[in-house]
Amino acid sequence: MASVTLRDVVKRYDDVTAVDNMNLDIEDGEFVCLVGPSGCGKSTTMETIAGLTIPTEGTVHIGDRDVTNLPPKDRGISMVFQNIALFPHMDVYDNISFGLRLRSTPKEEIDRRVERASDIVQLEGMLDRMPDEMSGGQRQRVAIARAIVREPEVFLMDEPLANLDAKLRVHMRTELQRLHKELDTTIIYVTHDQAEAMTMSDRIAVIDSGELQQIDPPLTCYNEPANLFVAGFIGSPAMNFVVGEAVAEGFHSDVGEIDIEFDPANVGVGVGDRLTAGIRPEDVYPAENAENLADPSKPIRARTDVLEPMGDEIFIYLVTDEDAEVDLEELDTSGGQLLMSVDPDSEIEEDQEMEVVLDRSKVHLFDSDTEEALVHGIVDVGPDAGGPAGQEAAGDD
Ligand code: ADP
């Protein structure tokens, strides 16, 4: 096991900055996912750790060793990639042990390691199978076993489940968590799938445009996103964003007449500052249920548009402003829409006029200009509260 530390790592390709001043402190034995949209620099970050690419600037340490310029084989790492390249003419045993045999590891030692690795990935009894006799998931397990027998200090995995079908992917997530427990090794895992990152890792590193946006446990990223990017990327369906401004009574948006009360001074904003309010679909409620909420916002008039029954909940697309332009590319509700999640037994219908409220204790406020979070939950910052700035003021840690 070993820690992995990136200091001020930059990787440029001509005019593309793939990784921009990346600082990462991954602890010994941690399972960290690097997550972000395609092209954000996840793989390049991983390649600098693996030694497949040398950073333009900055250093990479594995444990206490500066490995910045070392070749992959001297770094004490094992890699598993999306494209599993097994040797088609070799059985499972030979595929798993290939690297060890190259290094002339004694036969008994090879047997011991192959047995342990195949045990961990549950391939017992399959060691004499050929790759073409196996399913995609089994082949991926062979690839993982091949990485395990090297007994690395750090596992690097780049979208290893991307080619598997949805059901198998979910199953393999559980297996990888079990693997992590059993091996007690540092794992760094690249994925563009935020759900995969949320379910597996100790911490997730959210990356956008080559820059680290936040590295925190999954629920912290969900409940206390550092900025608009993380707020919009983590969680499915995505958080609703409403653009507006600070007024004397709190937040006001002209798009759909949305008001959220608080004292701007307590959030450190001035009247007229451009703000974006963020609220997750599960924190929007029909106004008739507002009595269950300690801190509802003022009612918001809306018309129900599309209903999406999901089985355990129903997603309801609300139109809060009929005249607003719908821009599906934008992360805000300049489109005058809100997504609400309700219980499956709800009797709300399509095209129904209704009022909804937001749970103020779950409203996030962002500075629209810097895109940084200002506050998560605004229960204590009502006009009369006079108390501390928000229950969890952002950015003070
Ligand atoms: P991700 O893994 O998040 O999809 P990558 O790390 O593969 O992103 O790529 C980040 C950026 O760097 C992209 O714009 C990509 O086109 C660019 N890039 C990656 N590798 C190279 C390369 N070898 N040459 C030039 N540009 C590259």
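## Ligand surroundings in a predicted model

A polar side-chain atom of Thr 44 is placed 2.5 Å from an oxygen atom of the ligand, and the protein covers 58% of the 560 Å² of accessible area that the ligand has on its own. These values come from a predicted model, in which the protein chain has a mean pLDDT of 89 and 93% of its residues reach 70 or more.

Two further polar contacts of the ligand are set beside that of Thr 44 in the table.

| Residue | Protein atom | Ligand atom | Distance |
|---|---|---|---|
| Thr 44 | polar side-chain atom | oxygen | 2.5 Å |
| Gly 39 | polar backbone atom | oxygen | 2.6 Å |
| Ser 43 | N or O atom in the side chain | oxygen | 2.7 Å |

The residues around the ligand include the run Pro 37, Ser 38, Gly 39, Cys 40, Gly 41, Lys 42, Ser 43 and Thr 44, and they are joined by Tyr 13, Val 16 and Ala 18. Sorted by class, this shell has five nonpolar residues, five polar residues and one charged residue.

Which elements of secondary structure each supply at least two residues of the shell around the ligand? They are β2, which spans residues 16-26, and α1, which spans residues 42-50; of the elements, α1 gives the most to the shell, with three residues.

Elsewhere in the chain, residues 386-397 call for caution, since pLDDT stays under 50 over this segment, for which the model nevertheless has 25 contacts beyond four places in sequence.

Definitions and conventions
Residues numbered from 1 in each chain as written. Predicted model: local features only at pLDDT ≥ 70, side-chain atom pairs only at ≥ 80, totals over all residues. Heavy atoms only, no water. pLDDT = per-residue confidence, 0-100. Contact = heavy atoms within 4.5 Å. Near = heavy atom within 4 Å. Polar contact = N/O pair within 3.5 Å; in protein donor to acceptor, adjacent residues only side chain to side chain. Areas by Shrake-Rupley, 256 points an atom, 1.4 Å probe, with all protein chains shown as cover. Helix = DSSP H or I, 4+ residues; strand = E, 2+ residues; numbered from the N terminus. Nonpolar A, V, L, I, M, F, W, Y, C, P; charged D, E, K, R; others polar.
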